Each structure stands twice: as C-alpha cells, then as structure tokens.
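Q: Could you take a close look at one part of this structure with me? I'd like a connected account that starts where the contacts are and then works outward.

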Amino acid sequence: MLALIDSNNFYVSAERVFQPQLRNKAGCVLSNNDGCAISRSNEAKEMGLRMGTPYFEMREQQQQGLLWWRSSNYTLYQDMMRRITAIVRDTFPDQEIYSIDECYCDITGFKYYDLEQVAVELRKKILQYTGVPVCIGIAATKTLAKVANKIAKKYHRETGVCYLDTEEKINTSLQRTEIDDVWGIGPRYAIQLIKAGVNTAFDFIHLPEDYVLKLMTIQGRRTWRELRGQRCIPMEYEQPDKEGISTGRSFGIMETRLEPMEEALAFYVANAGLKLRAQNSVCAKLFIYVQTSLFAVVENRYSASLKIQIDVPTANTAVLIKAALAGLKQIFVQGYRYQKVGVELYDLRPNSQVQASLFEPADSEKETKMQRALKIIDQLNKNYGKDTIRYAVMGYEKKWIMRQEFLSKKYTTRIEDVIVVKAY
DNA sequence: TCTGGGGTCCTAGGACCC
DNA sequence: TCTGGGGTCCTAGGACCC
C-alpha cells in the first residue's frame, strides 16, 4: 500500500496559520506578480471562484471585504512543508516528496497495523503541530492513492482519510471520480474521452487497453493500469538532478527599455546558475526569450528566443550572464512593451565530465580558482542573504521586479538564524 | 489597464552512421 | 522495372503535473 499525504488548499492554509483573522473567510493566494488565483479557501470555492481567475475580476469582491488575498510567499510555504514532511517521516519513513504540498509514503511494512487509524492519528498530529489540515489517501498505486485522497477531501471531511482496501470501495471511488479529475488525464484527453462517452474513472478502466494506448500513448496506458491496481509508477526516494533549469518572471509593469531587461535577465541567470552549481552540473546551452503580453492586440505582440551554445560547458555565472546578454541584444527590438524575459539552462551534465573546447585552450588552474571563488560567493550569499555579492549588471534598483503587494511575513524563517560566524 | 512559473515525458520526423 | 536494414541523435510539438 501507498499513502498520499496532500495538504488542503495549502498556500491558503499556510497563510491562515499565522493570520487567524483569515480563517473561515473566503480568500485566495495570488500567483507571482499578483496575477491570478492559484490557491483558494473552501469558502472561496463555494462562492464559485475558479482556479486562475485574474485578480482584476476579483477586485470588487476584495474591496467589499468579501474576499481576502495574499501574494505568494514561497519561503513560508516551503518551510511549512519541511515541517509537515518531517512529521510524516516520523510515522512513515519511506517517503517521496512529490511537490511543495504533497508526499507519497510506501507503507507496505504496516500491513499488521490498523492503517486507517494510523492515518487518522497522523493527520491530527500534523494539524496540531503545524496548523495545516491535510488529507490522506491510501491505496495500492500512486494513481489510486490520488483518487483516494480526492475522495477523502470531498466525502470524508471528518476523518480526512480514505483507505481503498476492497474492490467495492475502489469501484465506488472510481465511479465518484470525474474523468478530468484523474491524475495523468489533462484537459485535452478529457475532452476526447468525454466525447467517447467516458465520464468517470470507472468508465475509463473498462475501455480496452489497446484503445487507451492508441489514444493516449504509453502514459495513458500507465494511468489505465495504475487505476486497475497495477503499480507502474515507482517511488522515487532521491530527487534526480534536473535536466533543465529555467527562470523567468513577468515584470511588475511592462518594460520598453533594454537596460532594465538586461538587469532582470542577469538576475535570472544568476539564480539559475546557483541551482546549477547546487546539483554539481554545468550547462552547455542557454535558451533565452523575450515576450510581450499574450493579451496585447496582435500588432503589438512580439516574442523571440535564441539558443546559445557555450563552448566549454560551465556553471560560472559570469560566463553565462555574458552569453545571455549578448543574445538578448540580438533579439531585443525597440518599440514593444515587454512583459517578460527569461532563461533556460539546458544540456546539463555533471561537472566532472567537462570536455575542453578545441579552440579555447583549457586553463585548469584558472578554472579551479574560479570554482573556488564561486563557492565562496555562494556561501556568502547563503549566510548573509541573497545577492550580498552580485554582478554589477544585475543593478540595484530592480524597477522591473514583480508585484507582490500583499506579501505576508516570512514567519518561520529568518536569515539571521542561518548565519554561521567563523573566525579565520 | 491589469491575466504565473517551473518542470517532465513521449512521439514523429529528419539527419546521419555503418 | 526492380534500389536494405538497423541503429543513434536531435528537434519540435504536444501532453501532462504542481
């Protein structure tokens, strides 16, 4: 058996822990740049507020006091999740952290326990220790555990637990699960399936396997098999290295000038470079892009992108920034109101595998010095706060920075707490 | 006027190899 | 007139997840 522990309305719940005045009132957490709703309280859902509603469509309700909202505060959410997973690990040690608000546990070793009772206790404990409500779904496969979790959220509000241990319970749950609520079936496939008369997960598992394979490729077949109780998606206890690292943000206000866009891009490259070094990788290619708003009238729309090959794969932020800014000059066109600039580092490889360029003589000593310098910079920034040491092109004013007008405090983390003072 | 960001996986087709 | 077989690598596009 597997258990899926998934927080209820996680961002909203995390905000409510430290701001009790937000409890029992309709509210939501906004996306980056305060753009649209990405987490809603139950009261907001009942009001009919949909996922992704743009903020200006909710403004009136907010102004009338019928709805509260907050900017996303990922530092807070990440730290709350760290606490939740630690509590879960105490009970179920074989844990995969799947996303910022959910984790899977392999609980095969608990077959002689009353699993339902263990889960109910765990849930109470998480609520008591962190203030965040979660639901727990238990079933034989990851996809079925997802189904169980949704059933728990919808129908077992008292206990918050759903345990699919009999065929009867599984069938009832599959009948109660709309096809577009199935994990792995997105809006595109859902439309096609509904057209074919498949409305629930129960209908879906009774389709012929070949038909599913043809319509939805092997991923769809995997979902089909998982829903029939066959484990196809393994547990992943270690987080694999990323294959690409991308960073990009919408500007707080539309940008028309090159210079602030250079600053922003340099910032994103520096962030991506940090993540790159954290997993001991180097990158061989950069992808940069600029775009105007998707909602601009057609004649004012512009988007462009560029792939850049790095001669000697590197994790050196200075080299990456230089390459990215040279590329930006090529694709930037005067006269548009830009909404976003971004970068993706890809073609990543372990830094032990770097191959020297034929045309650029490798200077191993210099590279080692550079690596040492980068390590020290990263450490300083970790200890004394982000961007304490930074590249001058990143600028100081950050006029392009995203909107976060309704940001709450980082209640559980303080940079001072992690400062390590050492005397040399 | 104002509408998020960061990922993964699969497939088909083209270029190329021997 | 008839023109092989087996493979790799890359890319673009589509689908999905949170």
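A: Let's begin with Asn32: one of its polar backbone atoms is 3.4 Å from a sugar or linking oxygen of DNA strand B. Please keep in mind throughout that this is a predicted model. A second contact with DNA strand B involves Ser250, where a backbone N or O atom lies 2.3 Å from a phosphate oxygen. Tyr55 adds a contact to a base: a polar atom of its side chain lies 3.5 Å from a base oxygen of DNA strand B.

These contacts belong to a wider surface. There are 26 residues around DNA strand B, and those that come nearest are Ser31, Ser246, Gly248, Arg249 and Ser250. If we look from the side of the DNA, 69% of the atoms of DNA strand B within 4 Å of the protein are sugar or phosphate atoms, and the rest belong to bases. Sorted by class, the residues of this surface are eight nonpolar, eleven polar and seven charged.

Which elements build this surface? At least two residues each come from α3 (55–63), α10 (209–227), β9 and β12. Of these, β9 makes the largest contribution to the surface near DNA strand B, with eight residues. That makes β9 a good guide to what lies around it.

Strand β9 is part of an open sheet of four strands, ordered β9-β12-β10-β11 and paired in the antiparallel sense. Its edge strands, which pair on one side only, are β9 (244–255) and β11 (303–314). From one strand of this sheet to its neighbour, the average turn is 15 degrees, with direction ignored. The partner of β9 is β12, and eight bridges join the two in antiparallel fashion. Arg249, one of the residues that come nearest to DNA strand B, stands opposite Val341 in β12.

Moving one strand further in, β10 (residues 281–292) is joined to β12 (residues 338–350) by eleven bridges, and these two strands run antiparallel. Two of the facing positions can be picked out by name: Phe287 stands opposite Glu344 in β12, and Gln291 has Lys340 in β12 as its bridge partner.

Helices lie against this sheet too. Helix α11 (residues 258–278) lies across β9, β10, β11 and β12, and runs at about 30 degrees to β12. Helix α12 (residues 317–331) also packs on the sheet, where it touches β10, β11 and β12; its direction makes about 150 degrees with that of β11.

Now back to α3, another contributor to the surface near DNA strand B. Helix α3 lies across β2, β3 and β4, at about 135 degrees to β4. These three strands form an open sheet of their own, in the order β3-β2-β4 and with mixed pairing. Here the edge strands, each pairing on one side only, are β3 (37–40) and β4 (68–70). The twist from one strand to the next averages 30 degrees. Strand β2 (residues 27–30) runs parallel to β4, with three bridges between them, and Gly27 stands opposite Trp68 in β4.

For a companion view, turn to DNA strand C. It is surrounded by 14 residues, the closest being Lys146, Gly184, Gly186, Tyr189 and Lys307. Here sugar and phosphate make up 100% of the DNA atoms that come within 4 Å of the protein, whereas for DNA strand B their share is 69%. By class, the residues near DNA strand C are six nonpolar, three polar and five charged.

Three contacts give this second surface some detail. A polar backbone atom of Gly184 is 2.8 Å from a phosphate oxygen of DNA strand C, and for a polar backbone atom of Arg188 the distance to a phosphate oxygen is 3.2 Å. Trp183 uses its side chain, with a polar atom 3.0 Å from a sugar or linking oxygen of DNA strand C. Two or more residues of this surface come from each of β5 (95–99) and α8 (187–195), and α8 gives the most, with three residues.

Definitions and conventions:
Residues numbered from 1 in each chain as written. Chains lettered and ligands numbered in written order. Predicted model: local features only at pLDDT ≥ 70, side-chain atom pairs only at ≥ 80, totals over all residues. Heavy atoms only, no water. Near = heavy atom within 4 Å. Polar contact = N/O pair within 3.5 Å; in protein donor to acceptor, adjacent residues only side chain to side chain. Nonpolar A, V, L, I, M, F, W, Y, C, P; charged D, E, K, R; others polar. Pairing = 2+ DSSP bridges. Axes fitted to C-alpha atoms, helices over the stretch in contact; angles between N-to-C directions. Contact = heavy atoms within 4.5 Å.
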